[in-house]
Amino acid sequence: MDVPANLQHATLRLSFPPSYVIVGVYRLFTDKSLYRPAWDKCKHGVRRGAIVGLIWACVTYDVQKRLVRVLLNHPSSIFYPKYMVRLSQTASELSEETYMGIRLPLNMTTYVTAIVIGTQITAILTFFLSRNIRIARKRAWDQTVASRGKGSDFWQPYVEEWQVLPLVEQDLPSRVFNKFGLWIIGVVLKKAIIIPLSLYPFVGTVAVAALKCMETAQYLHRPYFKAKKMTPHEIALFTEERKWDYRLFGFTAALLEGLPIVGLVFTVSNRIGAAMWAHDLEKRQHYFASLHMSRGMDTLVLDAEQK
């Protein structure tokens, strides 16, 4: 499809959605109008949470490490595969073993303990930040849109870009059933798969991000769907038509957000990246709206000539 000159750069970016995640990180750390309001809103909660988290880590580290060692070496444990046991039984904190050909800087017991405590500190920080980080994320989105010089009238009603529509559930009972079913699946995955997987080195982190990719991407674009006043069916069509774009973007975003402690920073930068992506998607929507309008005018002219 030929695109006008003003859409060429946006089309190039749209061809690789994970780039928006990187753009979001870059803008958060370099744009004062973005990082200063976010830090001012969160700094007190970060300081309180960091103090409590540090005390918790110092007090519980030895106890948790012993528990992790028991789990890694117990035959009935889900962490009992031989390579996990071998890596957990090294003599010192520094590992002499390799994992998938890569030499680990720490033995498995120390690594898993660090991940567990890091996750706990993240939860402590989230508790102290609570409402403030939600406000910081919303402001990051709003400020990113404002920095592009766009107002509320920029977001126009949904325009279909495909000639042949994908199949999505249209009836209410099917949507309710699928939503309820997905909720149950989500709970099972989080409790039975995601939490244990996250403790496996490298592979587990990637696997968790892959499982959460679509959910993360759709969550990050909720403000976009709301601004366009899209119906549930339109949202389903829009995401289905771009499902691999959403999966790639969501995977990259979930991978960064899944990192202990620093992942909280990326929950803000991902909002910036999602807003940048939404801006380019909306420019494309405007282009297709103009095409539909011109085709409609051509049809009217043709009908008038025939009469």
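This passage describes a pocket, a pair of packed helices and a salt bridge in a predicted model.

The second largest pocket of the predicted model encloses about 400 Å³ of space. Its lining is made up of 18 residues, and those closest to the centre of the pocket are Trp 39, Cys 42, Val 46, Leu 264 and Val 265. Several helices contribute to this lining, and the elements that supply two or more residues are α2 (18–30), α3 (32–73), α5 (108–129), α6 (131–147) and α12 (263–306). The most is given by α3, which provides six residues. When the lining of the second largest pocket is sorted by residue class, 18 residues are nonpolar, while no polar and no charged residues are found.

Helix α3 also holds a salt bridge, in which Lys 43 is paired with Asp 40 and the closest N and O atoms are 3.8 Å apart. Both partners, Lys 43 and Asp 40, belong to helix α3, where they are three residues apart, or about one turn of the helix. In the model, the count of salt bridges comes to nine.

The packing of two helices is described by the angle between their axes and by the distance between those axes. For helix α8 (residues 203–220) and helix α11 (residues 243–257), the angle is about 115 degrees and the axes lie 6 Å apart. The crossing that α8 and α11 make is right-handed. On the side of α8, the residues that meet α11 include Val 206, Ala 209, Ala 210, Cys 213, Met 214 and Ala 217, whereas the residues contributed by α11 include Tyr 246, Phe 249, Gly 250, Phe 251, Ala 253 and Ala 254. Lysines take part from both helices, among them Lys 212 in α8 and Lys 243 in α11. Taken by class, the contact between α8 and α11 comprises 13 nonpolar, four polar and four charged residues.

How values were computed: Residues numbered from 1 in each chain as written. Predicted model: local features only at pLDDT ≥ 70, side-chain atom pairs only at ≥ 80, totals over all residues. Heavy atoms only, no water. 1 Å grid on protein atoms, 1.4 Å probe; cavity = no way out; pocket = protein on both sides within 12 Å on 5 of 7 lines; lining within 4 Å. Points joined across faces, edges and corners; volume = space filled by probe spheres on them. Helix = DSSP H or I, 4+ residues; strand = E, 2+ residues; numbered from the N terminus. Nonpolar A, V, L, I, M, F, W, Y, C, P; charged D, E, K, R; others polar. Axes fitted to C-alpha atoms, helices over the stretch in contact; angles between N-to-C directions. Left-handed = near helix turned anticlockwise from the far one by under 90°. Contact = heavy atoms within 4.5 Å. Salt bridge = Lys/Arg side-chain N within 4 Å of Asp/Glu carboxyl O.
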